[in-house]
Amino acid sequence: MDAITLLKNDHHTVEQLFKRFEQAGKRAHVERRQIVDRIIEEISVHAAIEEQVFYPVARATVPGTEDIALESLEEHHILKWLLLELVDMDPAHERFNAKVTVLMENVRHHIKEEERDFFPKVREQLGRNELNDLGGALANAKKSAPTRPHPRMPDAGPANVVAGAITGVVDRVGNNLSGIAQGSVSAVQDLIARLTGSDRPKVSPTGSAATRKRATEVRSATSAATEGAQETAHTVTSGAKATAKAAKAGAKGTVTTAKKATTATATTAKRAARTTSRTARAAANKTVSTAKRTASRTAAAASGSR
Ligand SMILES: [Fe+2]
Ligand SMILES: [Fe+2]
């Protein structure tokens, strides 16, 4: 798919989620929380692929996009902090709706600028094939992009490619671990091949040299990303296995303790019941004898008065 179309589709998806949030009742806390979770994931992935693929390519190949790409990075940075604050926020909190409203205002402003000032420059400069290649690289980057906000993570290359691949694996644990790191690396490698190809008449000689330098940096970074991501995946998998084992053992222990507690409670209850019944019988006997005594005293008093 054409890169601009792919990014605009993402923008549309986010706008639809914003509309759903605005239409949900103010007290529809569960629904609003679910919508915000989707917003967090969509924007996190979208921002990551723009930072890892689209912005660097634009800066290297499209004249006049340097400043807007840098401004876009700063806007992403602010958005990620807002998203991070929303990750664990109670939807009933008095600041929740206000925070989402500010997030939506910021995102709408950012999208407007990208679609009005940034994307047309890229579309004008790159040909259809290049835009399709770029779209393919963005789609590949999506497979390994972080699904949660990481505002402290590097947002410019090549460090962001390394960090993004590793963080993407960690964010997705429990979802789809296999092939994630490799997907990210091949997405970047496809892009590098395209960027450094000799059939790029539109790239200026300066741009090509800068791109080749960046390509070398990214190549070494991506092999580090592969190793790092594989190691992280291994560590996370071992950690998950150990946790599952501990949880199983814990559950067994809980069942045994619960059984013991139940038996102890039953025994105590039986004892208490026996004691209660003895006490009740004694009390009843005492009441009966007291009544008998009172009755005979009353009878004696009655016969004396006659
Ligand atoms: Fe953006
Ligand atoms: Fe965007």
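**Exercise 1. The contact of α1 with α5**

Identify which residues of α1 meet which residues of α5 in this predicted model, and describe how the two helices are arranged.

*Solution.*
Step 1. On the α1 side, the residues in contact are A3, I4 and L6. On the α5 side, their partners are L131, L134, G135, L138 and A139.

Step 2. Sorted by class, the contact of α1 with α5 contains seven nonpolar residues, one polar residue and no charged residues. Glycine counts as polar in this scheme.

Step 3. Two packed helices are described by the angle between their axes and the distance between the axes. For helix α1 (residues 3-23) and helix α5 (residues 128-144), the axes come within 7 Å and cross at roughly 45 degrees. That crossing makes α1 oblique to α5.

**Exercise 2. Length and burial of α1**

Determine how the span of α1 compares with the expected value, and state which of its residues are buried.

*Solution.*
Step 1. α1 has 21 residues, for which 30 Å is expected at 1.5 Å a residue. From its first C-alpha to its last, α1 reaches 31 Å, close to that expectation.

Step 2. The buried residues of α1 are A3, I4, L6, L7, D10, L17 and F21. A3, I4 and L6 also take part in the contact with α5.

Step 3. The elements covering these buried residues include α2, α4 and α5.

**Exercise 3. Two kinked helices**

For α2 and α4, compare the end-to-end distance with the expected span, then locate the kink in each helix.

*Solution.*
Step 1. α2 has 33 residues and should span 48 Å at 1.5 Å a residue; its end C-alpha atoms are 46 Å apart, so the values agree.

Step 2. The kink in α2 is about 45 degrees and is centred on E50. α2 is mostly covered, with 24 of its 33 residues buried.

Step 3. Helix α4 (residues 96-125) has 30 residues and should span 44 Å at 1.5 Å a residue; its end C-alpha atoms are 42 Å apart, so these values also agree.

Step 4. In α4, a kink of about 40 degrees lies at F118, shortly before the proline P120. F118 is itself buried, as are V100, L103, V107, H110, E114, F119 and V122. What covers the buried residues of α4 includes α1, α2 (29-61) and α3 (66-87).

**Exercise 4. R33 and D90**

Classify R33 and D90 as buried, partly exposed or exposed, and give the separation of their C-alpha atoms.

*Solution.*
Step 1. R33 is placed in helix α2, whereas D90 lies in the loop between α3 and α4.

Step 2. A residue is buried at 20 or more other C-beta atoms within 10 Å, and exposed at 12 or fewer. R33 has 16 such atoms and is therefore partly exposed. D90 has 10 and is therefore exposed.

Step 3. R33 and D90 are 57 residues apart along the chain, and their C-alpha atoms are separated by 8.0 Å. For D90 and H29, 61 residues apart along the chain, the C-alpha separation is 8.5 Å.

**Exercise 5. The whole chain**

Summarise the secondary structure, burial and contact range of the protein chain.

*Solution.*
Step 1. The protein chain has eight helices and zero strands, which gives the pattern α-α-α-α-α-α-α-α along the sequence.

Step 2. Of its 306 residues, 29% are buried.

Step 3. Among contacts with a separation of 6 or more, 76% join residues 24 or more positions apart.

How values were computed:
Residues numbered from 1 in each chain as written. Chains lettered and ligands numbered in written order. Predicted model: local features only at pLDDT ≥ 70, side-chain atom pairs only at ≥ 80, totals over all residues. Axes fitted to C-alpha atoms, helices over the stretch in contact; angles between N-to-C directions. Helix = DSSP H or I, 4+ residues; strand = E, 2+ residues; numbered from the N terminus. Parallel < 35°, antiparallel > 145°, perpendicular 65-115°, else oblique. Contact = placed C-beta atoms within 7 Å. Expected span 1.5 Å × (residues − 1). Bend = angle between axes of the 7 residues up to and from the residue.
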